[in-house]
Each structure stands twice: as C-alpha cells, then as structure tokens.
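Let's take a walk through this structure together, one region at a time. Have the sequence and the 3D view at hand as you read.

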Amino acid sequence: MAQKSVKIPTSQNLFAWRPSAYQQAVFEDVSKGQGHTVVVARAGSGKTTTIVKALNCVPKGCSTLVVAFNKAIAEELKTKVPPTCDALTLHSFGFAAIRNALGRIKVDVRKVFDLVANLVTDRRDRSLMSRVVGIAKGSLVDTPDDISEILEAHSFEPLMDRDRFVGDVLWTLDQCRNRKLLDSIDYDDMIWLPLILGFPVAQYDRVFIDETQDLNPAQIDLALKACATGGRICAVGDDRQSIYGFRGADRNAIPNLIERLHAKALPLSITYRCPKAVVRLAQDIVPDFEAADTAFEGTVVEKTYVELLRNVEPGDFVLSRANAPLTRLFFELVARGTPVKIAGRDVGAALVARIERSNATSVSDLLDITDKWQAKEHARLAKKDPPGNTSYVDDMAECIHTIAFGTKSVEEAKGRIDGMFSDEIDDSERVILSTTHKAKGLERDVVWVLRSTYRKRKNLEEENLWYVAITRAKRELYLIDRTP
C-alpha cells in the first residue's frame with residue numbers, strides 16, 4: 001500500500017527540493033512511526049539535510065533534542081532547526097546536568113594532568129596517563145584488565161613500571177568521581193559524571209543522534225539517557241565510516257545500537273557527493289552505496305608516483321593509511337617547489353615526544369634507539385594473544401627515519417617537524433597530505449590515494465578506511481599503486 005507523503009513546512013523550503021524515496025521513508029517514520037530508528041547514512045548522502053528536514057516532521061507538542069558531534073556543527077544546526085528543538089553537543093548537555101546537581105562548578109582542562117602530577121615525575125608519562133584516563137572514562141571501564149587493554153589497543157608505552165601506571169590511572173579515576181572532591185571538572189567529566197554518579201538529565205520526547213559511529217560508549221549512553229520514557233531515538237550514522245576505534249569510539253556502535261534498542265534500520269544510500277565512477281569502486285565493499293541520478297561519470301584513474309609528483313596541485317588531497325609515506329612525499333614535493341602541508345599538528349607533537357623520549361645525543365644515536373624500540377615493541381606485541389598490532393610502531397619509526405635523514409643534529413630533526421604539520425586542512429593554497437582519519441568529514445574535487453598503503457581485505461575497519469578515503473572525491477580520484 002502506498003504511504004502518504006509527509007508534508008514538510010514550506011517555511012523551511014528555501015528552494016525547490018525533492019526528497020529521495022529513502023529520505024521520504026525517514027520523514028514518514030519520524031512523523032508517524034513507532035519505536036526507535038537507526039538511519040544508516042552513507043558517505044555524502046545528505047545526512048545533515050535529512051536530519052534538519054526530519055525535525056520538521058516531529059509531531060507537534062514533542063520536545064526534541066538533536067545531539068551534534070562538535071560545537072561547530074551544533075552552532076550551525078541551531079540556525080537551521082525549528083525553534084522548538086534544542087541542538088547541543090553532548091558535552092554541553094552533560095555539563096548542564098552536572099551544574100544542576102552540584103551548582104556552579106569550575107571547568108579545568110588541566111584537572112587530570114594536575115592530579116597525575118602528584119604521582120608521576122616524568123612529564124611524558126603524565127601526558128600519557130592523562131590520555132588513558134580520558135579513554136577509560138569514555139569507555140566506561142575501571143578495572144586493571146581494562147586499563148591494560150587500553151594500553152595494548154593503542155600501543156601506549158609508559159616509561160614507568162606498567163603495573164604502577166595502571167594503578168595510578170585507577171586512583172585518578174577514583175579521585176575524579178569522588179563527590180567530596182568535586183570542585184572542578186574537565187571535558188571528559190561532562191560526559192562521564194552524569195552516568196556514573198546518576199545525575200538527572202533533561203528529558204526529551206525525541207532524540208536525534210548525529211555521527212553515531214564516531215561516539216564512544218559513554219557518549220552513546222548519555223544520549224540515550226536524554227530520551228524520556230516512551231520517547232523515540234533516531235540515531236544517524238554510517239557503520240562503514242567507523243574508523244575511530246583507536247580514540248575510544250565503539251567500532252560496532254551502529255549494529256550494537258540497533259540490537260540494544262530493538263530499532264528498525266532505514267537506509268540513506270544515495271550519495272550526492274561522489275561521481276558514478278567512484279561509487280562503482282566503493283560498491284566493491286559497500287554494495288548498497290548508490291550514485292544520484294544527476295551524478296556525472298567522474299574519473300577513477302591509476303597513476304604512477306612520478307605522475308603524482310608532477311601533476312598534484314594546491315587544493316588537492318593526497319590520502320594515505322599511514323603517515324610515513326606522507327613524510328617522504330612531503331620532502332619530494334618541497335624539493336619541487338610545491339606548497340604542501342601534512343594534516344595533523346598532533347602527529348608532529350607525537351613524533352617530537354618520541355624523539356625526546358629517546359634521549360638521543362646524535363642523529364645516528366636517534367636512529368639506533370628508534371630501531372631498538374621498534375624491535376622491542378615487536379617482540380612485546382608478538383607475545384600477546386592474539387598478537388598485537390605493530391602498525392603504529394612501524395609508522396612512527398619510519399617517520400623518524402625519514403625526517404632525520406640528512407639532518408646534522410637531533411634538534412634539527414625536531415625543527416623540521418614544526419614546518420611539516422598543520423591543522424589547517426581546508427587550506428586551498430597548498431597540497432594537503434593526510435591520513436584517512438584526518439580527512440574524514442571533508443571532501444575535495446581532486447583526491448589522490450596512495451592505494452598501496454591500504455589493506456582493505458584484512459578486516460572490516462581496514463575496509464572502512466579505504467571506503468572513507470575514496471569517497472572524499474567529488475570529481476577526480478587518482479589511485480597510486482606503488483610508493484617508494
């Protein structure tokens with residue numbers, strides 16, 4: 001039986017727009033459906049437009065919350081959503097709950113770092129411990145085995161005794177949740193504390209969750225807590241863009257949520273970004289990915305590394321699974337006079353920290369210590385069951401070798417790093433070299449992908465990385481098979 005169309009208020013239609021059958025099904029569900037819904041929105045499928053239009057289909061009288069992934073998205077949504085809808089980040093939502101429970105409270109971004117400073121003398125271990133505490137909060141874990149698993153999963157290597165490190169992390173978590181000591185909170189606490197201390201949160205009849213695949217367990221639980229009894233959740237995300245497991249995101253957030261909520265799954269499969277040639281390539285691993293009827297053919301062409309060096313232009317993306325191939329390419333493009341940056345100031349900071357941790361006094365000493373560290377990590381990870389992933393270690397070691405090549409001192413090698421990495425990914429005046437993780441959510445007319453760096457048949461997350469990489473391309477996609 002044909003379903004009646006949901007009428008979207010004309011005040012929201014600033015131009016002629018016709019929803020796809022998939023979008024219309026979402027609007028029907030929001031307007032008249034029952035139970036919870038997960039919308040599986042593929043790359044470039046008009047996810048934000050669909051959410052905004054769907055908000056206008058919520059029955060009158062229903063209180064509505066849309067949870068945005070970050071502050072910038074929340075601010076943008078506030079200009080588009082109906083006046084009866086709240087658009088918030090989970091951090092601001094959780095902070096409001098804490099403030100209602102405890103009254104005025106100070107936000108201190110150094111809270112955990114200052115706590116661990118009382119336990120750890122080495123600044124590098126302080127930073128590492130602060131990061132592990134944050135991941136533990138986001139993962140809602142607090143046992144010695146849980147903390148050890150975090151260290152293994154992220155290839156973290158504390159300088160101090162490992163058992164003592166784990167114990168200090170657990171002590172810090174206890175301090176952070178002790179109500180008698182709660183005179184300040186950090187950003188992780190905004191999500192974590194309302195859950196573990198049971199603070200009441202604002203309740204809504206309808207809760208829309210954006211970028212569900214990128215949320216960690218604590219963020220998901222807080223979003224669900226916002227839904228009033230008898231209310232409805234509409235979670236939107238792409239299970240095939242789940243690539244942030246290393247940051248604590250739930251790799252199986254989409255299927256887990258469908259099972260947990262007994263939710264129906266609705267597809268949003270038509271991409272309005274990618275040309276048909278890119279869609280056909282992506283369908284190899286994401287069969288339900290579809291090109292729009294209006295999409296042009298586009299270009300997917302294999303190129304050589306030499307052709308990349310000669311033809312890449314400012315504004316183009318060059319994507320790799322790892323950073324090491326990008327560091328080599330950076331120096332080759334600089335030698336050709338091509339303006340270029342590598343995305344990710346934090347990557348540069350991690351390399352500097354690794355170099356400083358070596359305590360090397362010369363370049364040859366640095367390379368020797370790096371090789372020994374790499375071999376030691378390989379041996380340690382090989383003993384795990386199953387064996388640990390060495391890709392982070394190998395990438396770090398190779399980057400250091402490439403950066404240090406031709407330098408005369410350790411300080412010169414560190415100085416090189418400052419000029420290589422940037423957070424200005426939207427810079428159109430330079431070629432932007434980026435890992436897939438850094439490029440997620442962005443797009444370019446022309447994208448070059450170092451195909452040989454990807455391992456798409458190894459496991460699901462590796463396939464996801466490949467899918468995210470190639471779907472950044474709006475017009476031309478060039479695949480580079482061999483890199484030096």
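A good place to start is the largest nonpolar core, which has 40 residues; L308, V318, L329, L333, L351, L433 and W448 are the ones that touch the most other members. Helix α17, covering residues 391-404, is the top contributor to this core, giving seven residues. Keep in mind that what you're looking at is a predicted model.

Now zoom in on W448. Leaving aside residues up to four places away in sequence, W448 touches K303, E307, L308, N311, V312, D316, F317, V318, L319, Y478 and I480. There's also a second core, separate from this one, with 31 residues, among them F95, V116, L151 and F156.

Next, the sheets. Seven strands make up an open sheet, and if you trace them across, the order is β11-β17-β16-β12-β15-β13-β14, with parallel pairing. The edges belong to β11 (299-303) and β14 (421-422); each has a single partner strand, so one side of each has no neighbour in the sheet. Further in, strand β12 (residues 317-320) runs parallel to strand β16 (residues 444-450), and three bridges join the two. One pairing to look for here is L319 with its bridge partner V449 in β16.

Another pair of strands is worth a stop. Strand β2 (residues 64-68) pairs with β3 in the parallel sense, over five bridges. If you find V66, its bridge partner in β3 is A87. In a regular strand, side chains alternate between the two faces of the sheet. You can follow that pattern along strand β3 (residues 85-89): C85, A87 and T89 point to one face and are buried, whereas D86 and L88 point to the other and are not.

Loops can be tucked in as well, so let's look at one residue in a loop. Q241 sits in the loop between β7 (227-237) and α11 (253-261). Is Q241 buried or exposed? Its relative accessible area is 10%, so Q241 counts as buried, since buried means under 20%. Not counting residues up to four places away in sequence, Q241 touches A41, R42, A43, Q213, D214, K440, Y467, V468 and R472.

Finally, come out to the surface. V107, V109 and Y187 make a nonpolar surface patch of about 280 Å². V107 belongs to strand β4 (residues 106-107). With 34% relative accessibility, V107 is partly exposed, because that label covers values between the 20% limit for buried and the 50% limit for exposed.

Conventions: Residues are numbered from 1 along each chain as its sequence is written. This is a predicted model: local features need pLDDT of at least 70, side-chain atom pairs count only at pLDDT 80 or more; totals for chains, interfaces and linings use all residues. Side-chain values use heavy atoms; hydrogens and water are left out. A nonpolar core is a set of buried Ala, Val, Leu, Ile, Met, Phe, Trp, Tyr and Cys residues joined through side-chain atoms within 4.5 Å. Buried means under 20% relative accessible area, exposed over 50%, partly exposed in between (1.4 Å probe, protein chains only). Helices (H or I, at least four residues) and strands (E, at least two) are DSSP runs, numbered from the N terminus. Contact means heavy atoms within 4.5 Å. Patches are made of residues with over 30% relative accessible area and no salt bridge: like charges are joined within 9 Å, nonpolar side chains (Val, Leu, Ile, Met, Phe, Trp, Tyr) within 5 Å. Accessible areas come from the Shrake-Rupley method with a 1.4 Å probe; for residues, only the protein chains shown count as cover. A salt bridge is a side-chain nitrogen of Lys or Arg within 4 Å of a carboxyl oxygen of Asp or Glu. Two strands pair if DSSP finds at least two bridges between them.
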